[in-house]
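Student: I am new to this structure and would like a close look at a single part of it. Could you take me through the salt bridges slowly, and then show me what else lies in the model?

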Amino acid sequence: MSKRDYYDVLGVAKGASADEIKKAYRKKAKELHPDRNADNPDAENQFKEANEAYDVLKDAEKKASYDRFGHAAFEGGMGGGGGRPGGPGGNPDFASAFSDVFDDLFGDMMGGRQGGRQRATRGADLRYNLRITLEDAFNGMAKTINVPTSVQCNVCDGSGSEGGSEPTTCPTCSGMGKVRATQGFFTVERTCPTCSGMGQIIKNPCNNCGGAGRVQKERALSVNIPAGVETGTRIRLAGEGEAGMRGGPPGDLYIFIEVEPHKIFEREASELHCRVPVSMATAALGGDIEVPTIDGGRSRVKIPAGSQSGRQMRLRGKGMPALRGGASGDMFIELAVETPVNLTSRQKELLQEFEDLSEDNNPESKSFFSSVRNFWDSMKG
Ligand SMILES: [Zn+2]
Ligand SMILES: [Zn+2]
C-alpha cells in the first residue's frame with residue numbers, strides 16, 4: 001500500500017502555513033478522539049497517520065525535506081518515524097497516548113487531566129453585539145449593557161446543595177469523575193455519567209439553581225467605547241464572560257461593534273464622504289457654502305467659480321478619529337450641482353437670455369448646438 005501524501009492526510013494545501021497545519025491537525029485529533037470513535041476501528045490507524053504527518057510538517061526542517069523528496073526523504077534510515085505499519089491490535093496504550101496529545105493540544109481548554117474530580121473549568125467566552133451610531137463612533141461613549149450570563153448561585157454559594165448539606169462522593173466513579181471502559185483495542189476514559197465528572201453528587205439539589213451552582217442572570221456592565229471604532233471592532237473585557245465551573249476562572253466578554261449607516265456620511269476607514277448640493281449659480285460664480293460635519297458643527301467651504309458636478313473637495317481632519325491614536329481622517333465632499341426646477345416666467349426669461357448669451361460667447365458650441373438642433377428637427381420632420 002502506498003503512503004498517503006502528508007498534506008492530504010491533514011487536509012491542507014501544499015503551501016499551508018505552520019498555523020494552518022496545526023489547526024488542521026487539532027481538528028483531525030478531535031475527530032478521531034476515541035470517545036467519538038467507539039464504532040470506528042480504523043480511527044486508531046487514521047490517528048497514527050495524522051500524527052506522523054504532523055510530526056513531519058510541524059518541523060520546518062523535516063517539512064522542507066518532505067517538500068523536496070516526498071516520503072523518500074525519511075526512508076533508508078533518515079529517521080522521522082515513518083514507514084512502520086501499524087500492527088493489528090495496535091498500541092494498547094493508544095488511549096493514554098491520546099490523552100497526552102490532548103493535554104498537549106487542549107490542556108488549557110479542558111482544564112488539564114490531573115486531579116480527576118473537581119476539575120476547574122474556565123467559563124465560556126461571551127459575544128455581545130452592539131450597534132452604535134456614527135456619531136457615537138466619532139465621540140466614543142460610555143455605555144451600560146445588560147449581558148445575560150451565568151453567575152454563582154447566591155442561595156447555595158455555588159455548592160449546588162440545598163440548605164448547606166454537603167455533597168457526597170459519587171458511588172459510580174468513587175469520586176474520580178471518570179470511568180474506564182474497554183472497547184476493542186481502545187481503553188476509553190469517559191466522563192462519569194452519574195456525576196457528570198464532578199466526582200460528587202448532590203442529594204438535595206438547591207432549588208434556586210437546580211444543583212448547578214450557577215444561575216442565569218442579566219448583569220449590567222459599563223463599557224467604554226473608544227472614539228474611532230468601526231464595524232467589526234472587537235472590544236475584549238477580560239474576565240467578564242461566564243463564570244467558571246468549580247472555581248475555574250471566568251471567560252472573557254467580547255463586544256462586537258456594528259456602526260449603523262449614516263443619513264449623510266459614508267465612511268471608509270477614517271475618511272468620511274458626503275455629497276453636497278450646490279445651486280447652479282454658486283457652482284458657476286463661486287461662493288461659500290456651509291456643510292455639516294460629524295462633530296455636529298458646520299464648516300464653511302469655498303466653492304471655486306466654474307465648479308462641475310462631481311468635484312471633490314477635502315476638509316482636512318474632519319473625518320473620523322484614529323482608534324489607536326494619531327491624526328484624524330479627512331472629510332471629502334462631492335459637489336452635486338442642482339438644476340433649478342419650478343422656474344417663474346421671469347427666471348425662465350433670464351435663463352433664456354443667459355443661454356443666448358452663452359451661444360454668442362462661444363461660437364463653437366453655438367455651431368455644435370445648432371447642428372444638434374438641426375438633427376432633432378430633421379428627426380421630427
Ligand atoms: Zn461519578
Ligand atoms: Zn444554588
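Tutor: What follows begins with the salt bridges and then turns to the zinc site, a set of paired strands and a surface patch.

Please keep in mind throughout that this is a predicted model, and that every value below is computed from it. Side chains of opposite charge can pair when their charged atoms come close. A search of the whole structure finds 21 salt bridges, and a good place to start is the network that links Asp288, Glu290, Arg298, Arg300 and Lys302.

Within that network, Lys302 forms a salt bridge with Asp288, and the closest N and O atoms of the two are 3.3 Å apart. Because Lys302 belongs to strand β13 (residues 298–303) while Asp288 belongs to strand β12 (residues 287–292), this pair ties together parts that are 14 residues apart in sequence. As for how open these two are, Lys302 has a relative accessibility of 61% and therefore counts as exposed, whereas Asp288, at 38%, counts as partly exposed. The cut-off behind these words is that exposed means over 50% relative accessible area and buried means under 20%, with partly exposed in between.

Another contact in the network is the salt bridge in which the side chains of Arg298 and Glu290 meet, with 3.8 Å from N to O. Here Arg298 counts as exposed because its relative accessibility is 57%, and Glu290 counts as partly exposed because its value is 43%.

A further salt bridge joins the side chains of Asp125 and Arg122, at 3.1 Å from N to O. With a relative accessibility of 38%, Asp125 counts as partly exposed, and Arg122, for which the value is 38%, counts as partly exposed too.

From these charged pairs we can move to the metal site. The zinc ion (ligand 2) has as its protein donors the SG atoms of Cys153, Cys156, Cys206 and Cys209, which lie 2.3 Å from it. The arrangement of these four donor atoms is tetrahedral because the angles they subtend around the zinc ion (ligand 2) run from 101 to 117°. Along the chain, the donors of this ion follow the spacing C-x2-C-x49-C-x2-C, and of these residues Cys206 and Cys209 are buried.

Next come the paired strands, with strand β9 (residues 253–259) as the point of reference. Five of the seven residues of β9 are buried, so this strand is largely enclosed by the rest of the structure. Strand β1 (residues 126–132) runs parallel to β9 and is joined to it by seven bridges, with Leu130 standing opposite Ile257 of β9. Strand β8 (residues 234–237), by contrast, pairs with β9 in the antiparallel sense over four bridges, and there Arg234 stands opposite Phe256 of β9. In a regular strand the side chains alternate between the two faces of the sheet.

Finally, the surface also carries a nonpolar patch, formed by Met280, Leu351 and Phe354, with about 260 Å² of accessible area together. One of these residues, Leu351, lies in helix α8 (residues 345–361), and at 30% relative accessibility Leu351 counts as partly exposed.

Methods
Residues numbered from 1 in each chain as written. Chains lettered and ligands numbered in written order. Predicted model: local features only at pLDDT ≥ 70, side-chain atom pairs only at ≥ 80, totals over all residues. Heavy atoms only, no water. Patch = residues over 30% accessible without salt bridge, like charges linked within 9 Å, V, L, I, M, F, W, Y side chains within 5 Å. Areas by Shrake-Rupley, 256 points an atom, 1.4 Å probe, with all protein chains shown as cover. Salt bridge = Lys/Arg side-chain N within 4 Å of Asp/Glu carboxyl O. Helix = DSSP H or I, 4+ residues; strand = E, 2+ residues; numbered from the N terminus. Buried < 20%, exposed > 50% of the residue type's maximum accessible area, 1.4 Å probe, protein only. Pairing = 2+ DSSP bridges. Donors = N, O, S within 2.8 Å, 3.2 Å for Na, K, Ca; no water. Tetrahedral: all angles 85-135°; square planar, octahedral: opposite > 155°, others 65-115°.
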